[in-house]
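Trainee: I have the structure open and want to check the labels people put on it. Can we go through them one by one?

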Amino acid sequence: MKRLSAVEANVLRSNQHEFNSSNQLKKLLGTPDRVQYRATFIWLGGEQDALTEEAFLTWYESRKPPRSEHRLYFPTNAVCSVAAEGDTLIIAKRTDDSLMAIIVPAGSTVHNQLLWLFGVDDQPSLKFEAVEISKDNDAELDFAARYILDELGIEPEEPEADRLDSLIEKFGLKFPPTRVLSGLARMSLPEVNAKDGPDEALVLWMEREEQLFRRLERRIVAERIREGFATEEAVDVDGFLGFSLSVQNRRKARAGAALENHLAAIFDVHEIRYARGVETENRNRPDFLFPGQTEYQDPTFPTARLTMLGAKSTLKDRWRQVLSEAARIDQKHLITLEPGISENQTNEMRAKALQLVLPEGLHDTFKPAQREWLMDVSGFLRLAVDRQA
């Protein structure tokens, strides 16, 4: 990985389309005469935008003996055309020998996430830096790592596939209500103690439900693909696109509902009074209101004892939605499972009196200055209990 200079950004957008060799590229790709790799080009910008294009990368010897100089050639593509000075370029080699070329804006949330995933502490330099991930130093794929891999379109192997399949067998080829799947996820982890370790419990429950959902989704999607998207007259392109969109929308909606389900279970274990999804003003419905709607609507109830908590599994730029959800409460709280949110975003949250809450295990994905301000689940529970005492 490296930070792009103005000249390199121009190379990505121009007709040259080559990077000169470096010791770090040689470490990654070796020194063959010529190798062409299947490659996926990915640009993840800002908080919402993404581009992906399948192409190739060619690593070749450009000089005749005794001179030697390798170059990395890439074709014109939409991803490289948006590269800018200061962006971070990551060339990654996968276990199937394909390559990924990832470009992200410096300082963005996804930039922070990728640096954390690959074990880089700070902004890459103008020269290529290399990180080797082998079986000896391969980190366990925890919730944060799985989240980032999903953003890159990589689905990790599931070591407990057989056990997961046995748990969802009863559902056949239908998705159960989210509350049912959430309950199954918690039941399958009897050793998890939400009373003593709410931060860890929330992550483990969410991770298990995600595993169960993806295994069931794989079965249902595979069956739909087997049925095909063609009639005797034509190929049903609209049907295929609609089905694909429904898969993505279901994933997003289910993740948010699952987070609320597991939070409610934690609040119940800690005997905290709350109302879920009740109306405040202007038809706004915060995810959680403490101690409840009756107290909120009672003008004599002390405002200092009211708390609201928004819950969003991922933020992007949607965190501003919670700012208007409970006008009586100045200091809002928002819990998310998105790792490595940019400093620009968290600074704006602080300025707008929005306290971000994350499970303690995800705090390491943030910059040191951000960690001092973050609240964990245990901290939020103590706050809610104190206000209800």
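Trainee: Let's start with the sheet. Which residue in S10 is the bridge partner of phenylalanine 290?

Mentor: That's threonine 307. Keep in mind that this is a predicted model.

Trainee: What makes S9 and S10 count as paired strands?

Mentor: Strand S9 (residues 288–290) and strand S10 (residues 307–312) are joined by three bridges. Pairing takes at least two bridges, so these strands qualify. They run antiparallel.

Trainee: What is the strand order in the sheet, and which strands are its edges?

Mentor: The order is S8-S9-S10-S11-S12, an open sheet of five strands with mixed pairing. S8 (275–276) and S12 are called edge strands because each pairs on one side only.

Trainee: How do you know how far to trust the prediction?

Mentor: Mean pLDDT for the protein chain is 88, with 97% of residues at 70 or more. By element, strand S12 (residues 354–357) has the highest mean, 98, while strand S2 (residues 18–20) has the lowest, 77. Where pLDDT is low, don't read the predicted coordinates in detail.

Trainee: On to charges. Why is the contact between lysine 93 and aspartate 97 called a salt bridge?

Mentor: Their side chains meet at 3.7 Å, N to O. The cut-off is within 4 Å, so the pair passes. The structure holds 19 salt bridges.

Trainee: Are those two buried or exposed?

Mentor: Neither label fits: lysine 93 has a relative accessible area of 36%, and aspartate 97 has 44%. Buried means under 20% and exposed over 50%, so both are partly exposed.

Trainee: What about arginine 218 and glutamate 155: what does that pair tie together?

Mentor: First, their side chains meet in a salt bridge at 2.9 Å, N to O. Arginine 218 lies in helix H8 (residues 198–227), and glutamate 155 sits in the loop between helix H5 (143–151) and helix H6 (161–168), so the pair ties together parts that are 63 residues apart in sequence. Arginine 218 is partly exposed at 46% relative accessibility, and glutamate 155 is partly exposed at 43%.

Trainee: Why is arginine 214 called buried?

Mentor: Its relative accessibility is 15%. That is under the 20% limit, so arginine 214 counts as buried. Its salt-bridge partner is glutamate 210, with the closest N and O atoms 3.1 Å apart. Glutamate 210, at 25%, counts as partly exposed.

Trainee: How many residues apart are arginine 214 and glutamate 210 in helix H8?

Mentor: Four, which means about one helical turn separates them. They also belong to a network: salt bridges that share partners join Asp150, Glu209, Glu210, Arg214 and Arg254.

Trainee: Which residues form the nonpolar patch on the surface?

Mentor: Val235, Val237, Phe240 and Leu241, with about 390 Å² of accessible area together.

Trainee: How do you know valine 237 is open enough to belong there?

Mentor: A patch member needs over 30% relative accessible area. Valine 237 has 48%, so it clears that bar, and it is called partly exposed. Valine 237 is found in helix H9 (residues 237–269).

Trainee: Last one: what does UniProt list for residues 213–380?

Mentor: An unreviewed UniProt entry lists them as "domain: Restriction endonuclease type II EcoRII C-terminal". In the model, that span is 42% helix and 12% strand, and its end C-alpha atoms lie 28 Å apart.

Note on methods. Residues numbered from 1 in each chain as written. Predicted model: local features only at pLDDT ≥ 70, side-chain atom pairs only at ≥ 80, totals over all residues. Heavy atoms only, no water. pLDDT = per-residue confidence, 0-100. Helix = DSSP H or I, 4+ residues; strand = E, 2+ residues; numbered from the N terminus. UniProt positions renumbered as here; feature names shortened; annotations may be inferred. Patch = residues over 30% accessible without salt bridge, like charges linked within 9 Å, V, L, I, M, F, W, Y side chains within 5 Å. Areas by Shrake-Rupley, 256 points an atom, 1.4 Å probe, with all protein chains shown as cover. Buried < 20%, exposed > 50% of the residue type's maximum accessible area, 1.4 Å probe, protein only.
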